[in-house]
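Grab a pencil and work through these exercises one at a time. Try each task yourself before you read the solution below it.

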Amino acid sequence: MQKALEFLRDHNEVAFATSDGHLPKLRIFQIMRQEGHVLYFATSAKKAVYRELKENPNVEILAYADNISVRCAGMVNFDVDDETKRWIFEHNPVLPRLYPSYDAMEYFRLPIAEMDYFDLSPTPPLFKHFDLMTGAVV
């Protein structure tokens with residue numbers, strides 16, 4: 001599991017999947033901060049993704065590079081403390097260019113419930129499934 005978490009730390013641009021009713025929605029997001037198996041993100045309350053997350057907080061993300069993919073699933077929540085919000089805003093050079101202050105954005109976190117690590121490099125490929133809710137590894 002540590003290898004998968006390190007991969008996310010090194011590859012923070014991810015495909016981020018939500019749903020709008022019964023329709024899937026996919027976009028690129030950047031992991032703004034990582035604390036263990038909790039990932040932090042930011043967006044605008046004016047964007048469709050914010051509405052989608054409020055209506056259905058179940059998401060999946062996928063990071064991929066060099067024949068390795070890490071897929072994570074869980075439920076986002078908007079319970080992010082003010083200190084973390086400020087840190088995210090101050091440590092991402094793009095955000096101050098787009099927003100006047102840290103409190104002009106919405107922040108959310110994804111506690112990873114399930115994670116798959118898939119490495120196509122070796123023969124046979126390496127696949128590990130982690131259920132962080134139960135601790136099971138497959």
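**Exercise 1. Place Thr18 and work out whether it is buried or exposed.**

Step 1. Find the element: Thr18 sits in strand S1, which covers residues 13-20. Keep in mind that you're looking at a predicted model.

Step 2. Check the accessible area. Thr18 has a relative accessible area of 6%. Buried means under 20%, so Thr18 counts as buried.

Step 3. Look at who is around. Skipping its neighbours within four places in sequence, Thr18 is in contact with Leu23, Pro24, Lys25, Arg27, Val49, Glu52, Leu53 and Val59.

Step 4. Pick out the polar contacts. The Thr18 side chain makes one with the side chain of Arg27, at 2.8 Å. It also makes one with the side chain of Glu52, at 2.5 Å.

**Exercise 2. Find out how Arg27 and Glu52 are paired, and what parts the pair ties together.**

Step 1. Start with a bit of background: side chains of opposite charge can pair when their charged atoms come close.

Step 2. Check the distance. The closest N and O atoms of Arg27 and Glu52 are 3.1 Å apart. The cut-off for a salt bridge is 4 Å, so this pair makes one.

Step 3. Place both partners. Arg27 belongs to strand S2 (residues 23-30), while Glu52 belongs to helix H2 (residues 48-55), so the salt bridge ties together parts that lie 25 residues apart in sequence.

Step 4. Compare their surroundings. Arg27 is partly exposed, with 23% relative accessibility, whereas Glu52 is buried at 2%.

**Exercise 3. Work out how far apart in their helices the partners are in the salt bridges Glu55-Arg51 and Asp82-Arg86.**

Step 1. Take helix H2. Glu55 and Arg51 form a salt bridge with an N to O distance of 3.7 Å. They are four residues apart in the helix, so about one helical turn separates them.

Step 2. Add the accessibility. Glu55 is exposed at 53%, and Arg51 is partly exposed at 35%.

Step 3. Look for further partners: Asp20, Arg51 and Glu55 are linked in a network of salt bridges.

Step 4. Move on to helix H3, residues 82-90. Here Asp82 and Arg86 meet in a salt bridge at 3.0 Å, N to O. This pair is also four residues apart, so again the separation is about one helical turn.

Step 5. Check the accessibility here too. Asp82 is partly exposed at 37%, and Arg86 is partly exposed at 39%.

Step 6. Put the pairs in context: the whole structure has eight salt bridges.

**Exercise 4. Asp131 has a charged side chain but no salt bridge; find what that side chain does reach.**

Step 1. Place the residue: Asp131 is part of strand S9.

Step 2. Look for a charge partner. Asp131 is buried, and the nearest side chain of opposite charge, Arg71, is 9.5 Å away. A salt bridge needs a distance within 4 Å, so Arg71 is too far off to make one.

Step 3. Look for other polar atoms. The side chain of Asp131 reaches the backbone nitrogen of Thr134 at 3.2 Å.

Step 4. List the contacts. Leaving out residues up to four places away in sequence, Asp131 touches Ala113 and Ala136.

**Exercise 5. Stay with strand S9 and find the nonpolar surface patch that Phe127 belongs to.**

Step 1. Phe127 lies in strand S9, which runs over residues 126-131.

Step 2. Its relative accessible area is 42%, so Phe127 is partly exposed.

Step 3. Add the other members: Phe118 and Leu120 join Phe127 in the patch, and together the three have about 260 Å² of accessible area.

**Exercise 6. Hunt for backbone features in two loops.**

Step 1. Go to the loop between strand S8 (114-119) and S9, where you'll find Pro124. A cis peptide bond joins Thr123 and Pro124, with omega about -5°.

Step 2. Now go to the loop between strand S5 (58-65) and strand S6 (68-75), where Asp66 sits. Its phi is near 50°, a positive value in a residue other than glycine. Asp66 is exposed, at 66% relative accessibility.

Step 3. Look at Asn67, which is in the loop between S5 and S6. Phi of Asn67 is positive as well, near 70°. With 37% relative accessibility, Asn67 counts as partly exposed.

Conventions: Residues are numbered from 1 along each chain as its sequence is written. This is a predicted model: local features need pLDDT of at least 70, side-chain atom pairs count only at pLDDT 80 or more; totals for chains, interfaces and linings use all residues. Side-chain values use heavy atoms; hydrogens and water are left out. Patches are made of residues with over 30% relative accessible area and no salt bridge: like charges are joined within 9 Å, nonpolar side chains (Val, Leu, Ile, Met, Phe, Trp, Tyr) within 5 Å. Accessible areas come from the Shrake-Rupley method with a 1.4 Å probe; for residues, only the protein chains shown count as cover. Buried means under 20% relative accessible area, exposed over 50%, partly exposed in between (1.4 Å probe, protein chains only). Lys and Arg count as positive and Asp and Glu as negative; His and the chain ends are not counted. A polar contact is a pair of N or O atoms within 3.5 Å; within protein, one must be able to donate a hydrogen and the other to accept it, and residues adjacent in sequence count only if both atoms are side-chain atoms. Contact means heavy atoms within 4.5 Å.
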